[in-house]
Amino acid sequence: MEPMDIVGKAKEDASLPKATMTKIIKEMLPPDVRVARDTQDLLIECCIEFINLLSSESNEVCGKEERRTIAPEHVLKALGGLGFGDYIEEVYSAYEQHKVETMQDSLKGAKWSNRAEMTEEEALAEQQRMFAEARARMNGGEIASKQQDADQSL
């Protein structure tokens, strides 16, 4: 019988995106250091096991507080309970940064939703501006004068 996690799937089913994890591993090391593929696989397995352990401990903290949803505070308490108290401040800081970035992303989304109120002429002008910016990026930042003239004639 296979070991099971909380949601009833075999632990072997749990994984992390290999390419993303490999990128993270490489970014954390000096550029002249190489990591063998089996070492990368081992590090990824360690990360999966750590996430399972932290999730399980967070669930226990949550249960002790008679809650049904694991909150960030439960994860922070679980880190302390597992002996990772030295990391709580850094994890909390990363969490706060994530909240700020998420809020900025949602404000950007609201900005786009307001654009639905444009007139057809405004939408066409905005579309042409966006096309010109895209062409500029593709041409290395330069818009050929022919393209500008063609855009203006539309």
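**Aromatic pairs and a helix crossing**

User: Where do Tyr92 and Tyr95 lie, and how many residues apart are they?

Analyst: Both Tyr92 and Tyr95 belong to helix 4, three residues apart, or about one turn of the helix; helices here are DSSP runs of H or I with at least four residues, numbered from the N terminus. The model is predicted, so local features need pLDDT of at least 70 and side-chain atom pairs 80 or more, while totals for chains, interfaces and linings use all residues. Residues are numbered from 1 along each chain as its sequence is written, and side-chain values use heavy atoms, without hydrogens or water.

User: What makes the pair of Phe50 and Phe84 edge-to-face?

Analyst: Three aromatic pairs are found in the whole structure. Ring centres must lie within 6.5 Å, and planes under 30 degrees apart count as stacked, over 60 as edge-to-face and the rest as tilted; with centres 5.3 Å apart and planes at 85°, Phe50 and Phe84 are therefore edge-to-face. This pair joins distant parts of the chain, with Phe50 in helix 2 and Phe84, 34 residues away, in the loop between helix 3 and helix 4.

User: Why is the pair of Tyr92 and Tyr95 called tilted?

Analyst: Its centres are 6.3 Å apart and its planes at 55°, so the pair fits neither the stacked nor the edge-to-face range.

User: How do you know that helix 2 and helix 3 are roughly perpendicular?

Analyst: Helix 2 and helix 3 pack at about 110°, with axes 8 Å apart. Angles under 35 degrees count as roughly parallel, over 145 as roughly antiparallel, 65 to 115 as roughly perpendicular and the rest as oblique, so this packing is roughly perpendicular.

How values were computed: Axes fitted to C-alpha atoms, helices over the stretch in contact; angles between N-to-C directions. Helix = DSSP H or I, 4+ residues; strand = E, 2+ residues; numbered from the N terminus. Phe/Tyr/Trp six-rings, centres within 6.5 Å; stacked < 30°, edge-to-face > 60°.
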